[in-house]
Amino acid sequence: MSDRVDQEPGYVLHRRNYRETSLMVDLFSLNHGRLTVVARGANSPKSPLKAQLQPFQPMLLAWQGRSDLKTLTSAESRMGPDLRRTERLYCGLYLNELLQRLLPPAEPFQTLFAHYIETLDALAGTNDFEPTLRRFEWHLVEALGYAFDWSMAMDTGAPVTAGGHYYYDPEQGLQGAAGPGSLLQGLRGEVLLELADARLETAEARRTAKRVMRVLIDHLLQGRTLHSRALFTQLRGDKHES
C-alpha cells in the first residue's frame with residue numbers, strides 16, 4: 001500500500017476507543033480491502049469524525065502512514081441505507097463481523113465490495129432477511145476461494161441426483177459417501193439442486209443452506225466466535241418471551 005491514499009470509497013466495519021481521545025477503526029475499502037486506521041482525536045466531543053465514522057454509511061476516506069496501522073486524515077460520509085430497526089441492524093453487524101474476521105488485511109476484494117453495497121441496500125428494503133444473508137455468505141466464501149458446487153459430489157465426481165442423500169465436508173464440499181471430515185449428513189439431493197440454482201424459496205432449502213454455511217463459516221473462523229450470533233440468539237429469546 002502507498003504511504004498516502006485519498007478519496008477511497010469505503011465503509012466502517014467496527015470502531016473502538018484508542019487511548020484517551022482517539023478511535024481505532026476497521027475499514028472495508030474498494031481498492032485496499034480490509035485495514036485498520038487510527039482516527040486521532042475522533043473520540044473527543046468536538047471532533048466531527050465521531051459522528052461520521054458509523055457503520056453502513058458510504059464514505060470517502062483518506063489515510064497515510066508506512067506501517068500496517070495507518071492514520072486516518074479525513075472521512076466524508078454520505079447517506080446510506082437505514083438499518084436502524086433491530087433485525088436489520090443485527091444483520092448488518094453480522095456482515096461486518098464476517099468481513100472483519102475472515103478477510104485477510106490489505107487485499108482488494110472489489111467484487112465482494114460491490115456485493116456488500118447491494119446487500120446493505122437489500123436488507124434495508126426487506127423483512128425477509130435469510131435469503132439476503134445466505135447470498136452474501138456465498139459471495140464471501142467464493143471471494144475467499146471456498147466456493148463449492150451444490151450440484152456435484154466431489155468424492156465421486158457424479159452429479160447430485162434428486163432422491164439421493166449427501167454429506168458435507170467443509171474441506172472437500174459435498175460428498176456422496178461419509179468421510180472423516182463429513183460434518184453434515186442426510187442432505188437431500190432435490191434440495192441441493194434447488195440451491196445449485198440459487199433458489200431459496202422453500203423452508204427446507206433455507207434450512208439446508210443455513211446449516212451448510214454455518215459449518216463452512218465456523219471452519220473458516222477456526223474457533224473464533226461471532227458476537228453478532230449471540231445478538232440474534234438474544235433477539236429470538238426476547239421475542240419468544242414476549
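Which residue just after α4 takes a positive phi? Gly-145 does, with a phi of about 85°. The model described here is predicted. Its protein chain holds seven helices and ten strands, and buried residues make up 45% of the 242 residues.

**The chain as a whole**

- Taken along the principal axes, the C-alpha atoms of the protein chain fill a box of roughly 65 × 45 × 30 Å.
- Among contacts with a separation of 6 or more, 56% come from residues 24 or more positions apart.

**Residues 7-76 and the strands β2, β3 and β5**

- An unreviewed UniProt entry places the feature "domain: DNA replication/recombination mediator RecO N-terminal" at residues 7-76.
- In the model, the span 7-76 is 57% strand and 6% helix, and its end C-alpha atoms lie 9 Å apart.
- Strand β3 covers residues 33-39, and seven of its seven residues are buried.
- β2 and β3 form a hairpin, with three residues between the two strands.
- The two strands of this hairpin run antiparallel and are joined by seven bridges.
- One of the bridge pairs links Val-25 to Val-37 in β3.
- β3 also pairs with strand β5 (residues 70-77), this time in parallel, through two bridges.
- Val-37 takes part here too, since its bridge partner in β5 is Lys-70.

**Helix α3**

- Helix α3 runs over residues 110-124, and its 15 residues should span 21 Å at 1.5 Å a residue. The end C-alpha atoms are 22 Å apart, which agrees.
- The buried residues of α3 are Leu-112, Phe-113, His-115, Tyr-116, Thr-119, Leu-120 and Leu-123. They lie on the same side of α3, because they cover an arc of only 160° around the axis.
- These buried residues pack against two strands, β1 (4-18) and β2 (22-29), and two helices, α2 (86-102) and α4 (130-143).

**Helix α4**

- The 14 residues of α4 should span 20 Å at 1.5 Å a residue, and the end C-alpha atoms are 20 Å apart, so the two values agree.
- Buried residues in α4 include Leu-133, Phe-136, Trp-138, Leu-140 and Val-141. Arg-134 and Glu-137 are also among the buried residues of α4.
- The buried residues of α4 pack against the helices α2, α3, α5 and α6.

**The sheet of β8, β9 and β10**

- Three strands form an open sheet in the order β9-β8-β10, and their pairing is antiparallel.
- β9 (173-175) and β10 (184-188) are the edge strands, each pairing on one side only.
- From one strand to the next, the twist averages 40°.
- Strand β8 (residues 165-169) pairs with β10 over three bridges. In one of the bridge pairs, Tyr-166 has Leu-187 of β10 as its partner.
- Helix α5 (residues 189-196) lies across β8, β9 and β10, at about 80° to β10.
- Helix α6 (residues 203-221) also packs on the sheet, where it touches β8 and β10. The direction of α6 makes about 150° with that of β10.

**Positive phi outside glycine**

- Most residues other than glycine have a negative phi.
- Phe-56 has a positive phi, near 75°. This residue sits in the loop between α1 (49-52) and β4 (59-64).
- Phe-56 counts as buried because its relative accessibility of 6% is under the 20% cut-off.
- Gln-222 also has a positive phi, near 55°. Its place is in the loop between α6 and α7 (227-241).
- Gln-222 is exposed, because its relative accessible area of 68% is over the 50% cut-off.

**Ala-158 in strand β7**

- Ala-158 belongs to strand β7, which covers residues 158-159.
- At 32% relative accessibility, Ala-158 falls between the cut-offs of 20% and 50%, so this residue counts as partly exposed.
- Leaving out residues up to four places away in sequence, Ala-158 touches Met-152 and Ala-153.
- Ala-158 and Thr-111 are 47 residues apart in sequence, and their C-alpha atoms are 31 Å apart in space.

Conventions: Residues numbered from 1 in each chain as written. Predicted model: local features only at pLDDT ≥ 70, side-chain atom pairs only at ≥ 80, totals over all residues. Heavy atoms only, no water. Pairing = 2+ DSSP bridges. Helix = DSSP H or I, 4+ residues; strand = E, 2+ residues; numbered from the N terminus. Axes fitted to C-alpha atoms, helices over the stretch in contact; angles between N-to-C directions. Contact = heavy atoms within 4.5 Å. UniProt positions renumbered as here; feature names shortened; annotations may be inferred. Expected span 1.5 Å × (residues − 1). Buried < 20%, exposed > 50% of the residue type's maximum accessible area, 1.4 Å probe, protein only. Arc of directions from axis to C-beta.
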